[in-house]
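Reader: I have a structure to go through for class. Can we take it piece by piece?

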Amino acid sequence: MDLVVLRGVSFSYDGTPVLVDIDLTIAEGDFLAIIGPNGSGKTTLVKIILGLLRPSPGTVEIFGCRPAEFSDWQKVGYVPQKATHIDPFFPASVEEVVGMALQSRRKPASPAGGDTKALVRRALEAVGMAEFAKAPIGRLSGGQQQRVFIARALVTSPRILFLDEPTTGVDAGTQASFYDMLDLLNKSKSLTIVLVTHDIGIVNKHVNRVACLNQRLIYHGDHEDFCRSDTFRFFL
């Protein structure tokens, strides 16, 4: 099943083309890496899928609807760039940060209950951060904070998760365990993952699909075919 379908998508900033005639599908169960040089349109593409920007021209469907008409956004998790740039004295615990994503699910007059706490706990367990539930979010390392924001995106039980350069500024060892965690979520929970990244090494180890952008879609297909392609050799 295709969760996302783009047809003929183009986009410009102040008359400067950023994306040109993009056709792209994201199927359920994909672990898709969107790669390309700086300024190639990767983040813009994700924002268009999420309805934060509108293509001109082109069409986008997410779960069979245009973004402007789509209402079930709990099916979609999103962790933007620089999500972990937090004031170290920000007055919120890890469990409070994760629970904020559930606020829109409750009726205005209904208090947070045991169900909310159970959902938060399960999301933190999924990313290996349950023991830090009471810790202040600002006191965690960058890698730990990133896991918390993944938990925040997972707590509504999405079917697709978008991550935009999620390990920027995180050390190599932490990056490896972070991507191993994403791989487990993709395989054990059938979570569709779309990852914007510069890290070609991660592409080789974890993803099963690759979309390579440089304004136009240079490559879109299986990971194994990508590794044999001229496009892959360009990135080496």
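Reader: How do α4 and α5 run relative to each other, roughly parallel or roughly antiparallel?

Author: This is a predicted model, and in it α4 and α5 are roughly parallel to each other. The axes of α4, residues 142-154, and α5, residues 172-188, cross at roughly 15 degrees. Angles under 35 degrees count as roughly parallel, which is why the pair gets that label.

Reader: Which residues make the contact?

Author: On the α4 side they are Gly143, Gln146, Arg147, Ile150 and Leu154. On the α5 side they are Thr174, Ser177, Phe178, Met181, Leu182 and Leu185.

Reader: How many of those are nonpolar, polar and charged?

Author: The contact of α4 with α5 has six nonpolar residues, four polar and one charged.

Reader: And what is the handedness of the crossing, left or right?

Author: α4 passes α5 in a right-handed crossing. The two axes come within 10 Å.

Reader: New topic. How many helices and strands are there in the chain?

Author: The chain has eight helices and nine strands. It contains 236 residues, and 49% of them are buried.

Reader: Take α1, then. Why call it largely enclosed?

Author: Helix α1 covers residues 42-49, and six of its eight residues are buried, so it is largely enclosed by the rest of the structure. The buried ones are Lys42, Thr44, Leu45, Val46, Ile48 and Ile49.

Reader: What follows α1?

Author: Gly51 follows α1, with a positive phi near 80 degrees. Further along, Pro57 sits in the loop between α1 and β4, which spans 59-62. The peptide bond joining Ser56 and Pro57 is cis, with omega about -5 degrees.

Reader: Why mention a cis bond or a positive phi at all?

Author: Most peptide bonds are trans, and most residues other than glycine have a negative phi.

Reader: Which residue in the loop between α4 and β6 has a positive phi without being a glycine?

Author: Ser157 has a phi near 55 degrees and is not a glycine. Ser157 is in the loop between α4 and β6, the strand at 160-164. Its relative accessibility is 55%, so Ser157 counts as exposed.

Reader: And where is Gln215?

Author: Gln215 lies in the loop between β8 (209-214) and β9 (216-222). Gln215 also has a positive phi, about 70 degrees, although it is not a glycine. With a relative accessible area of 31%, Gln215 is partly exposed.

Reader: How many disulfides does a search of the whole structure find?

Author: Zero.

Reader: What about the cysteines Cys65 and Cys227, are they buried or exposed?

Author: Cys65 is partly exposed, at 29% relative accessible area. Cys227 is partly exposed too, at 26% relative accessibility. Buried would mean under 20%, so neither falls in that class.

Reader: Last one: what does Pro136 touch?

Author: Leaving out residues up to four places away in sequence, Pro136 touches Ala92 and Ser93. Pro136 is in the loop between α3 (114-126) and α4. At 38% relative accessibility, Pro136 counts as partly exposed.

Reader: How far apart are Pro136 and Val97?

Author: They are 39 residues apart in sequence and 9.5 Å apart in space, C-alpha to C-alpha.

Reader: And what share of the chain's contacts join residues at least 24 apart?

Author: Among contacts between residues at least 6 apart in sequence, that share is 68%.

Methods. Residues numbered from 1 in each chain as written. Predicted model: local features only at pLDDT ≥ 70, side-chain atom pairs only at ≥ 80, totals over all residues. Heavy atoms only, no water. Disulfide = S-S within 2.5 Å. Buried < 20%, exposed > 50% of the residue type's maximum accessible area, 1.4 Å probe, protein only. Axes fitted to C-alpha atoms, helices over the stretch in contact; angles between N-to-C directions. Helix = DSSP H or I, 4+ residues; strand = E, 2+ residues; numbered from the N terminus. Parallel < 35°, antiparallel > 145°, perpendicular 65-115°, else oblique. Left-handed = near helix turned anticlockwise from the far one by under 90°. Contact = heavy atoms within 4.5 Å. Nonpolar A, V, L, I, M, F, W, Y, C, P; charged D, E, K, R; others polar.
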